[in-house]
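User: Could we go through a structure together? I would like to start with the strands and then turn to a helix.

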Amino acid sequence: MATETSSVDKARQPAALRLEDVHFAYPAAGESSHDVMLGLDVQIDYGKIVGLVGRNGSGKSTLLDIIRGKLVPQRGQVRVGKTLVSADSRLVNLPQVGVISQRPDAGLAPTMTVYENYVLATDHERSSLRWAYSSQRARGCRDLLAKANMDLEVKHNEQVRFLSGGQQQALSILLALQSSAPILLMDEPTAALDPFAAERVLDLAISETDSRKGSLLLVSHRIRDIVERCSRILVLRGGKIGEDIDTAARTPTEQDLLGIMANSTSHPRTLGGTAQ
Amino acid sequence: MTLDSLSFTVQMGLLYAIPAMAVLLAFRVVGFPDLTPDGSFTLGAGVSSILLLQAWPELAATCVAVGAGTLAGIVTALLHTRLRISKLLSGILVMTMLYSVSLRAMGTSNLSLRGVSTLLGSLSSRASGPLPIATITLITGIVFLGLWTFLKTGVGLRLRAVGDSESVTEHRGLRREPFYILGLGATNGLAALGGALVAQYQGFVDVSMGTGLVIICLAAVIIGETIVRPDRVGLLMAAPVLGMIIYQGVIAVALRMNLAAADLKVATAALALLFVAIDRLRVQKGAAGRQIGNRNI
C-alpha cells in the first residue's frame, strides 16, 4: 500500500493508525470468554480513505472502541499517530480521534448555537478566558457551513437542536473534520439520512479528508459507498483482517465484496490481498 | 403594600438572587443538580459573621466566606468524580456535613451581628445615607455581569457544553472533572456570598437559615424561566433574578394575608408547581420553548 508516500516521509511520520497483534475478548459468564480479536494487525497511513466491512458480530464496533481507547485489548499495541493508546492490557493515553456516528447530533451541544459549537470544535486554547465571539470567527464559521451546501450558513445563530437531521449530521461531520486528529472514524454515518443527504454528507467527508492530512476509516453496510469511495478496503473476519484490498490495483464490484465477506476461506486470492 | 415593604421585598429578592443564580449555574448550565448550597449558604453566613465579630475587615471576612463555600463545592464535585457517588447524594452528603461544620464554627445555633460593622453597612453609609438597595443592586449586578461574561468565554462555552450533552464532551475530548470542580466551586462560592450578605443584611445568623434554600432558588429559576423564556445566556442569567424578586413579593403578600410561617414551605412548593404547570401546559399547546440550558433537571 501507500505507494505514493515516499519512504522519507514514511520514516519521519508514524502511521495514522497502527494495531499490532491485538487480542480482545469480552468477558463472559463462567470459564469461557467471547473472543473477538485474534491477533489483528493493521496499519493505515496518513491521507488515506479506508473502508472497513464485515458481517454482524465480526467486531467492527469493538475495533472502533479499541482505537478510541474505550476498550483495552488483552494483548497487543494500539497507536494513533504518535500516541500510544494501549499496550498489553493497559490503557496508556486517550487518543485524539474524530468520530462521526449514525447519531446525527454526535459531538454537538444541542442547546448551544451552531456558532458556539463551531467555537467548541475549533478553539484549541483549552483554558481561554477570552471572549468567544468575534466577527472574524463568525466569518470562518459561515465559510465552513457553506461547504455543506445545505443552507446551514444562515442558521449560524440557531440552536443546534432546531436543525434538521441532515443539517445536524453535516454540521457534526464538518466540525469533526476541523480536528487535527490523525484519524477520523465514521461509523455508519449515513444510516439516518435520506439517499440524497447521505451522498452529500459522504462527498463532504471525502473532500474534506483530501484537504487535511489525517485519514478516514469508514464503516458501513452500504457496500456500494465503500467500493466507490475507498482506496483500500479491509474485511474483518475471524478476529483478523481477513482481506486487505487495494482498490487502485483492482476495484472489486459490489458482488465481489459481498462474496468475500460471506466466504470464509475458499475464495481466490486475486484481489491484491495481503491477508495476515 | 407600603413603599417600605416593597423596597424590603426588592432588597431580599436581589440578595437571594445571588444564590439563585448559583443554583441556576449548577442545575441548568453545569447539569449537576447540586444540593450543597443549602449548606454552603449557612457556611458563608457563619464564617463571615464569626470573622466580623472578631473585627476582621468587612471585605476580607466576606471573601473568606466565599472561599469556604467554594471549597465545599469542590468537595462535592470530587465525591462525584473520584468516588463515583451520584450527583444528588454527593451534594446531600456535603450539605449534611456542612450543617455540623457551621454549628461547630459558630459554637452556637445563632449569632447576632448587632453593632458590628458589615460590608453592606459600610458600603451603604459611604454612599451617603441609608441606601442599602443601591449597594445590593451593585453587588448583585456585578455577580450577574461576571457570570454572563464568563459564560461567553472559551472556558464558559466548554462549561455549558459539559452540561449540555455527554456526546459533545466525548467528541471534543473534554474531561468532565475540571468543569464540575469549576462549576460547583463557583456555585457554592456564590451561595456562600449570598449567605454572608443575607446575614449582614438581617443582622444575625441562624444555623438553619440555609435549609430549603435550593428549593426556594429553584422556584425562582422556574418562575423566571416561565416569564422570560430564555433563549440567550443573558436572559438565562436574568431569569433567577426576576424570579426571586417575584417569589419574595408573593411570599411577603402571603405572610401579610396571615399565612402562618409554618406553612411557608408548602407555599413555596405550591408556587413552584404552579409555574411548572403553566410552563408544561404552554408546551402542550404547541408553543414549545426555545429555551436554552439543561432542561433535564
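The exchange below covers some strands, a helix and chain totals.

Analyst: This is a predicted model, in which local features need pLDDT of at least 70, side-chain atom pairs count only at pLDDT 80 or more, and totals for chains, interfaces and linings use all residues. Residues are numbered from 1 along each chain as its sequence is written, and chains are lettered from A and ligands numbered from 1 in the order in which they are written.

User: How do S4(A) and S5(A) pair?

Analyst: S4 (residues 75–80) and S5 (residues 83–87) of chain A pair in the antiparallel sense over four bridges. Strands here are DSSP runs of E with at least two residues, helices are runs of H or I with at least four, both numbered from the N terminus, and pairing requires at least two bridges found by DSSP.

User: What about the turn between S4(A) and S5(A)?

Analyst: Two residues separate the strands of this hairpin, and A:Gly81 in the turn has a positive phi of about 60 degrees. A:Val80 has A:Thr83 as its bridge partner.

User: And which residue in S6(A) partners A:Ser86?

Analyst: That partner is A:Leu91.

User: Changing topic, is H2(B) largely enclosed or not?

Analyst: Of its 17 residues, 14 are buried (20 or more other C-beta atoms within 10 Å of the residue's own, C-beta atoms being placed from the backbone), so H2(B) is largely enclosed by the rest of the structure.

User: How many residues in chain A, and what share is buried?

Analyst: Chain A has 276 residues, and 42% are buried. Chain A contains eight helices and eleven strands.

Methods:
A residue is buried if 20 or more other C-beta atoms lie within 10 Å of its own, exposed if 12 or fewer, and partly exposed in between; C-beta atoms are placed from the backbone.
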